[in-house]
Amino acid sequence: MSTRNRLLKTRRRQDLNYHIVVSDRLKLLYMTTPKVACSNIKRILFFSEAKYRGSEHLMNQIQNKRGVVHKMKDMPLPQLDTYPDVQVEEFLSGNGIFRFSFVRNPYSRILSAFIDKFENREHFNKIEDLQRSHPRRKIYQRMGFPASKRLSLAEFVEIVADEE
């Protein structure tokens, strides 16, 4: 069984496509880690590819729209599962590919996640919006809290520690 098939069997395809950024042109594979500058790194990689292709529209979109780099299917680099098995094998284990990821102190990482998801005032300007349609609503639903609940850092850490 190929590496690609093993990976696609053990992890959901969507997760792989979201957390692995590849560039055949630059011969690199970047494995994202949430809350470790992944948005900025993706932005740089995608911007570089859009500039190489001469796509002013995409360059502007990447530069000016917050969160657009997380919509992987709209970005200028193909997703991992669009490559043939041989090329996926090359990205994952071949010579000549620069593979990288970044790590961060886990304490500052969890604090950053808490501030971003639960304390960032921009997200709490209108509780009604949060309750109706705001993306943070999914986080609250998954945790079983009403959208108006204000979590403390201690509660957040306990929830994260209890996840499997």
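**Close-up views of a predicted model**

**View 1. Leucine 111 is part of helix 6.** In this predicted model, leucine 111 is partly exposed, because its relative accessible area of 37% falls between the 20% limit for buried residues and the 50% limit for exposed ones. The same value of 37% also satisfies the requirement of over 30% relative accessible area for residues that make up a patch.

**View 2. A nonpolar patch on the surface is formed by Leu111, Ile115, Leu153 and Val157.** Taken together, these four residues have about 290 Å² of accessible area. At least two residues of the nonpolar patch come from helix 6, which spans 106–119, and at least two come from helix 9, which spans 153–162.

**View 3. The open sheet consists of three strands, arranged in the order 1-2-3 with mixed pairing.** Strand 1 (20–23) and strand 3 (98–100) occupy the edges and have a single partner strand each, so that one side of each is left without a neighbour in the sheet. From one strand to the next, the twist averages 10°.

**View 4. Strand 2, made up of residues 28–31, pairs with strand 3 in the parallel sense.** This pairing runs over three bridges, and within the view leucine 28 can be found opposite phenylalanine 98, a residue of strand 3.

**View 5. Helix 3 and helix 5 each pack on the sheet.** Helix 3, formed by residues 38–53, touches strand 1, strand 2 and strand 3, and the direction of helix 3 makes an angle of about 155° with that of strand 2. Helix 5, formed by residues 85–93, likewise touches strand 1, strand 2 and strand 3, while the direction of helix 5 makes about 65° with that of strand 3.

**View 6. The whole chain, shown for context, contains nine helices and three strands.** Followed along the sequence, these elements give the pattern α-α-β-β-α-α-α-β-α-α-α-α. The chain has 164 residues, of which 35% count as buried, and its accessible surface comes to about 10,500 Å², with 53% of that surface belonging to carbon and sulfur atoms. When contacts between residues at least 6 apart in sequence are considered, 53% of them join residues at least 24 apart.

Technical notes:
Residues are numbered from 1 along each chain as its sequence is written. This is a predicted model: local features need pLDDT of at least 70, side-chain atom pairs count only at pLDDT 80 or more; totals for chains, interfaces and linings use all residues. Side-chain values use heavy atoms; hydrogens and water are left out. Two strands pair if DSSP finds at least two bridges between them. Helices (H or I, at least four residues) and strands (E, at least two) are DSSP runs, numbered from the N terminus. Axes are lines fitted to C-alpha atoms, for helices over the stretch in contact, and angles run from 0 to 180 degrees between N-to-C directions. Contact means heavy atoms within 4.5 Å. Patches are made of residues with over 30% relative accessible area and no salt bridge: like charges are joined within 9 Å, nonpolar side chains (Val, Leu, Ile, Met, Phe, Trp, Tyr) within 5 Å. Accessible areas come from the Shrake-Rupley method with a 1.4 Å probe; for residues, only the protein chains shown count as cover. A salt bridge is a side-chain nitrogen of Lys or Arg within 4 Å of a carboxyl oxygen of Asp or Glu. Buried means under 20% relative accessible area, exposed over 50%, partly exposed in between (1.4 Å probe, protein chains only).
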